[in-house]
Amino acid sequence: MSFIHQTFSYFNYWLNEENEHSLHSPFIYELYKKVILDTNRKPLFPDIEKIREQFALSTNTIEVVDLGSGSNVSKNNQRKISDIATKGISKRKFSELYERLIRHFDYNIVVELGTSLGVNTLYLSKNKDSRVFTFEGDPSLAAIASAVFQGNEKTNTEVIEGNIDQTLPLFLNKYKKVDFALIDANHTYKATLAYFNLFLSHISDHTCLVFDDIHMNGEMEKAWNEIKSHYQVTVTIDLFQVGLVFFNPEIRKQDFILTF
Ligand SMILES: C[S@@+](CC[C@H](N)C(=O)[O-])C[C@H]1O[C@@H](n2cnc3c(N)ncnc32)[C@H](O)[C@@H]1O
């Protein structure tokens, strides 16, 4: 069902995607040319890619607590670290995109919903000015990621362990504004909209929210469509795997589907 949905969605994306030549808004043109399209063939951070490689070669298995929908890796509770590293975390291209966005806008408060092994978090925390809060409900993954951050002397990164349904509202009571958030944990309509609504009271004009797996299935498609049409959202950029959401009121409300 989900495979058919994704194939159909990808066809639709392919039909509608635009490149820089069709972009007239200066904000979008600059963002697309300078930040989004600035992809590298060679890893920008080989030190982080080495960690990904080590996880991909691991023969260890962990027992995981299933807190959310979206596991394309396994349906039982035993998970191979190598499977998580190769199929369950952001690809280098996307992690590098997040790093560029955070650096370009010099984002301070950065949130990641869904830490997993912490490889992507290492990219989010590259900007020295950022404070990164990464949320993970699975104790084994939270422990692995914490060890990665300690080993890499990440003083600007904190793991918030527990179910996001409970930990995010508590966090947002303390941190009034969020500059950048990657929403990549519980890929259901209900949770996606609930997290989006929670963030809405904590955005500024320059906040960027990134939603992963927006075309994963009908539920996520519905959530993405509702997010796009929300009156506070001005610009959205659909890169197929992820959707970027901006709130700057000075920009005319527009939805873009861009080649990435
Ligand atoms: C797709 S992985 C995150 C990948 C990571 N953000 C990256 O970019 O590589 C999703 C993670 O979210 C966690 N998760 C799912 N639902 C959750 C919830 N309700 N509370 C806390 N963690 C949750 C899972 O345990 C899993 O490790």
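**Exercise 1. Determine which polar atoms of the protein approach the ligand.**

Solution. Begin with Asn120, where a polar side-chain atom lies 3.3 Å from an oxygen atom of the ligand; a polar contact here is a pair of N or O atoms within 3.5 Å. The model is predicted, so that local features need pLDDT of at least 70 and side-chain atom pairs count only at pLDDT 80 or more, while totals for chains, interfaces and linings use all residues. Residues are numbered from 1 along each chain as its sequence is written, and side-chain values use heavy atoms, with hydrogens and water left out.

Next, turn to the nitrogen atoms of the ligand: a nitrogen atom is 3.0 Å from an N or O atom in the side chain of Glu112, and a nitrogen atom is 2.9 Å from a polar backbone atom of Ile164. Finally, place these contacts in their surroundings, where 22 residues lie around the ligand (a heavy atom within 4 Å), and those that come nearest are Ser90, Gly114, Glu136, Ile164 and Asp184.

**Exercise 2. Describe how helix α9 packs against α8 and α10.**

Solution. Two packed helices are described by the angle between their axes and the distance between the axes. Helix α8 (residues 164-174) and α9 have axes that come within 10 Å and cross at roughly 5°, and they are therefore roughly parallel (an angle under 35 degrees). On the α8 side the contact (heavy atoms within 4.5 Å) is made by Ile164, Asp165, Leu168, Pro169 and Leu172, and on the α9 side by Tyr195, Leu198 and Phe199. By class, these residues divide into seven nonpolar, no polar and one charged.

For the second pair, α9 (residues 189-200) and α10 (residues 218-229) pack at about 25°, with axes 8 Å apart, and are therefore also roughly parallel to each other. Tyr189, Lys190, Thr192, Leu193 and Phe196 of α9 meet Glu219, Met220, Lys222, Ala223, Glu226 and Ile227 of α10, a contact with six nonpolar, one polar and four charged residues.

**Exercise 3. Classify the packing of α2 and α5.**

Solution. First take the geometry: helix α2 (residues 26-36) and helix α5 (residues 92-104) pack at an angle of about 120°, with their axes 10 Å apart. That angle makes α2 oblique to α5. Then list the partners, which are Glu30, Leu31, Val35 and Ile36 in α2 and Leu97, Arg100, Leu101 and His104 in α5. Sorted by class, this contact has five nonpolar, one polar and two charged residues.

How values were computed
Axes are lines fitted to C-alpha atoms, for helices over the stretch in contact, and angles run from 0 to 180 degrees between N-to-C directions. Helices (H or I, at least four residues) and strands (E, at least two) are DSSP runs, numbered from the N terminus. Angles under 35 degrees count as roughly parallel, over 145 as roughly antiparallel, 65 to 115 as roughly perpendicular and the rest as oblique. Ala, Val, Leu, Ile, Met, Phe, Trp, Tyr, Cys and Pro count as nonpolar, Asp, Glu, Lys and Arg as charged, and the others, Gly among them, as polar. A polar contact is a pair of N or O atoms within 3.5 Å; within protein, one must be able to donate a hydrogen and the other to accept it, and residues adjacent in sequence count only if both atoms are side-chain atoms.
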